[in-house]
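Biologist: I would like to learn how to read a protein model that is shown with DNA. Where should I begin?

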2 protein chains.
Amino acid sequence: MGSRVTIRDVAAVAEVSPATVSRVLNADQRVAPELRERVLAAVERLGYRPNSQARSLRTQATRVIGLIISDIQNPFFTSLVRGVEDTAQASGYSVVLANSDEDLGKEQQYLRVAAAEQMAGVILSPASSSRTRIGELVHEEIPVVTIDRRIAADVDSVAVDNVAGARRAVEHLLQTGASRVGIIAGPEDVSTAADRLEGYRAALRAAGLAVDPELTVRGDFRVDGGHRAAARLLDRPDRPDALFAANNLMLIGTLDAMAERGLTAPADLLLAGFDEMSWAGFAPPLTLVEQPTYEIGRLATQLLLRRIAGGTAAAEHVVLEATLKVRASSDLVRRAV
Amino acid sequence: MGSRVTIRDVAAVAEVSPATVSRVLNADQRVAPELRERVLAAVERLGYRPNSQARSLRTQATRVIGLIISDIQNPFFTSLVRGVEDTAQASGYSVVLANSDEDLGKEQQYLRVAAAEQMAGVILSPASSSRTRIGELVHEEIPVVTIDRRIAADVDSVAVDNVAGARRAVEHLLQTGASRVGIIAGPEDVSTAADRLEGYRAALRAAGLAVDPELTVRGDFRVDGGHRAAARLLDRPDRPDALFAANNLMLIGTLDAMAERGLTAPADLLLAGFDEMSWAGFAPPLTLVEQPTYEIGRLATQLLLRRIAGGTAAAEHVVLEATLKVRASSDLVRRAV
DNA sequence: GCTGGGCGAGAAATCGATTTCAGAAATCGA
DNA sequence: TCGATTTCTGAAATCGATTTCTCGCCCAGC
């Protein structure tokens, strides 16, 4: 490495000891102003940057937080990542990003890396609510906050009220005139999928309708799975008159399946989904339950930083509101106008 | 930190010196089989994991490579990231991901982090071909490989032949019957944008057509910019009879603008784009110039690893082929069938 | 005038690994 | 059998920072 500048070099130039240089840089008060001046000048002149490995070896603390998300391809996470980065950087932490791809093995591997690298903390969108294992992090006393989804372990979490969000969407579909609402639900072992399914059922029951198990089909939160699930519902002789897709990618699959069959919303059936989708400019505009993604990232990071600072209170579960945005895909009136 | 196991603990249990433990773990040949056994057993029993900070402090080499991409939201990068991760992991390196968001300031900051963390190398999709500054990395002798785009500096690069790809797409549009082809081009200071524009012009010239400057509109490689650019072209009194969008997100913006105006492809105009888009299930299926993204990531990582290992040859520029996939959006015949 | 307390700065220990160096044991050749 | 060489192992130095320990100095209090 190109003859890197060390703290000794700075000390030599400033004519003080390395200890004094360290004190100046770590804002230790008890250094004479004159020495401080000399040190800062030397740092400036030599372009000194502390070696972060040496520092964290000594202090036993890194200033890196890991962000492990379950699907980098899902735009839902993009603005969330930004919320995490902004908040972390404001506190002098840097963020490393990893993509578990909804794969437990990969997730495990990244969790292991986080433990090995002694990261200050980890924000995790777990691939499974029951089978994700954070034991290694717990063992190293590395704090964890889950986002979007919860797990069995006793850790902080930040998520939206998925039950209420889904319920609101399905109630809206019913009020707009649907009577047979199908749901393209998510994987069984993901908490958000379970919650959204529960919201769907609650809406039906509240409207005095029976929950027809035939109208619930599970996908995998991906485009293909959504496509297959939607196809099964659309090909039924008694086709549903409305569909609710439990996440954004599966809604794309649903639109795909509809297009293949020459069906459009809201003319042939009403359509609603979950998660923002402005990145995909579909016609018609889609009715969606939207989440405050940036805010989720920001709050999760705040919780994590508090833990890192030593908070030992009981696990905190922040629940934000998801808001229903009604657009043309479910709105016969607006469409008519 | 929960009483971490160190090399001394292992040495004590195995009744050897720390030096011997280190040699066993670093595959040093000259250790007696019996001692080796004892050490491995102790490592296993204690669940010992070397502290990577201490190791890289001593060896002056980390096993981390930085991957700085220009837009995490663009699915083009997803499979590329996978190519990088797989290849890096096979050689024992881990990958940290950063998103510059096409923002020179953010990019600068991540490059600085990479230098400060003494990363082994950096794979970069530069935000600008002329204003991206890799000076700090060069100074630290950290190798860099650019992907997708090139920069002025003398570093390895991996990209597709953007000129040929774009040319092929536009030639196809012309052969299918278009005579006035508009292009939604990318930002001026990104090499891929320049190359694709050149390919477009080459195709027109080869067909003996004049290049009408009115039919070239620049976007920003994002959905919104594509939307605005397409709107300008579509609202002309002499509307083009074909459009070529220089990347995937701008093609979405284009579809958006078309939908607003009640236009569909290929009936009203022929449509082709650049980059894979299977994630967005559009109807009609889109004609696209597709890149071997996984392969780009794999090759870039191989080049980087070679540099890290000490290769000092002249900068290498790998150029892969981009293949045109003709689908319904530009194919009047197939549509008719 | 002497002692004790407080403060500022440097010397040295420390973090946890790798690697050099040196010494003991084993091997080899004559 | 003896010396020379090689092989293996452990002690100690090292990487670059932080932090404890220690010491000298100054000032207040008696």
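**Reading the surface near the DNA**

Modeller: Begin with the classes of residue: the surface near DNA strand D has 12 nonpolar, eight polar and seven charged residues. Keep in mind that this model is predicted.

Biologist: Which helix gives the most to the surface near DNA strand D?

Modeller: That is α4(A), with five residues. At least two residues each come from α2 and α4 of chain A and from α2 and α4 of chain B.

Biologist: Which residues come nearest to DNA strand D?

Modeller: Of the 27 residues around the strand, they are I7(A), S22(A), R58(A), T20(B) and L35(B).

Biologist: What share of the strand's atoms within 4 Å of the protein belongs to sugar or phosphate?

Modeller: The share is 63%, and the rest belong to bases. For single contacts, look at the atoms on both sides. A polar backbone atom of I7(A) is 2.3 Å from a phosphate oxygen of DNA strand D. Y48(A) has a polar side-chain atom 2.9 Å from a phosphate oxygen, whereas R58(A) has one 2.7 Å from a base oxygen.

Biologist: How are chains A and B related?

Modeller: To compare copies, lay one on the other. A turn of 180 degrees and a shift of 0.1 Å along the axis lay chain A on chain B with an RMSD of 0.2 Å. The two copies are thus related as by a two-fold rotation axis. As for their interface, 100% of the interface residues of chain A are also interface residues in chain B, so the copies meet through the same surface.

Methods. Residues are numbered from 1 along each chain as its sequence is written. Chains are lettered from A and ligands numbered from 1 in the order in which they are written. This is a predicted model: local features need pLDDT of at least 70, side-chain atom pairs count only at pLDDT 80 or more; totals for chains, interfaces and linings use all residues. Side-chain values use heavy atoms; hydrogens and water are left out. Copies are superposed by least squares on the C-alpha atoms of residues with pLDDT of at least 70 in both. Contact means heavy atoms within 4.5 Å. A residue is near a molecule or strand if one of its heavy atoms lies within 4 Å of it. A polar contact is a pair of N or O atoms within 3.5 Å; within protein, one must be able to donate a hydrogen and the other to accept it, and residues adjacent in sequence count only if both atoms are side-chain atoms. Helices (H or I, at least four residues) and strands (E, at least two) are DSSP runs, numbered from the N terminus. Ala, Val, Leu, Ile, Met, Phe, Trp, Tyr, Cys and Pro count as nonpolar, Asp, Glu, Lys and Arg as charged, and the others, Gly among them, as polar.
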